[in-house]
Amino acid sequence: MLPLDEIRTLLKEHDDPLQLERPGDFDKEASARRFGHLTAALERRFGPSGGAPQYQYPREYARF
């Protein structure tokens, strides 16, 4: 794990202080598309989901 001062530096460089949930240039449609590709690839490799609890971020794009 990185030292705390390096983590703080990275967060200050990459976080948008006005948008705490996601970066200011976050593209929701592109992210949803990438998540869909990932989900499809995982289902091809491992089969369909067996049902899992829903968490805040994955539930925006997936149904478990």
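In the predicted model, helix α2 comprises the 19 residues 28–46, and at 1.5 Å a residue these should span 27 Å, a value with which the 26 Å separation of its end C-alpha atoms agrees. At the N-terminal end of α2, D27 acts as the cap, with a side-chain oxygen placed 3.2 Å from the backbone nitrogen of E29. Beyond the other boundary, α2 is followed by G47, for which phi is positive, near 95 degrees.

The surface of the model carries a nonpolar patch formed by L38, L42 and F46, and the accessible area of these residues together is about 320 Å². Of the patch residues, L42 has its place in helix α2, and because its relative accessibility is 41%, which lies between the limits of 20% for buried and 50% for exposed residues, L42 counts as partly exposed.

For the protein chain as a whole, the secondary structure consists of two helices and zero strands. Buried residues make up 5% of the 64 residues in the protein chain, while the accessible surface of the protein chain comes to about 6000 Å², with 56% of this area belonging to carbon and sulfur atoms.

How values were computed
Residues numbered from 1 in each chain as written. Predicted model: local features only at pLDDT ≥ 70, side-chain atom pairs only at ≥ 80, totals over all residues. Heavy atoms only, no water. Helix = DSSP H or I, 4+ residues; strand = E, 2+ residues; numbered from the N terminus. Expected span 1.5 Å × (residues − 1). Polar contact = N/O pair within 3.5 Å; in protein donor to acceptor, adjacent residues only side chain to side chain. Patch = residues over 30% accessible without salt bridge, like charges linked within 9 Å, V, L, I, M, F, W, Y side chains within 5 Å. Areas by Shrake-Rupley, 256 points an atom, 1.4 Å probe, with all protein chains shown as cover. Salt bridge = Lys/Arg side-chain N within 4 Å of Asp/Glu carboxyl O. Buried < 20%, exposed > 50% of the residue type's maximum accessible area, 1.4 Å probe, protein only.
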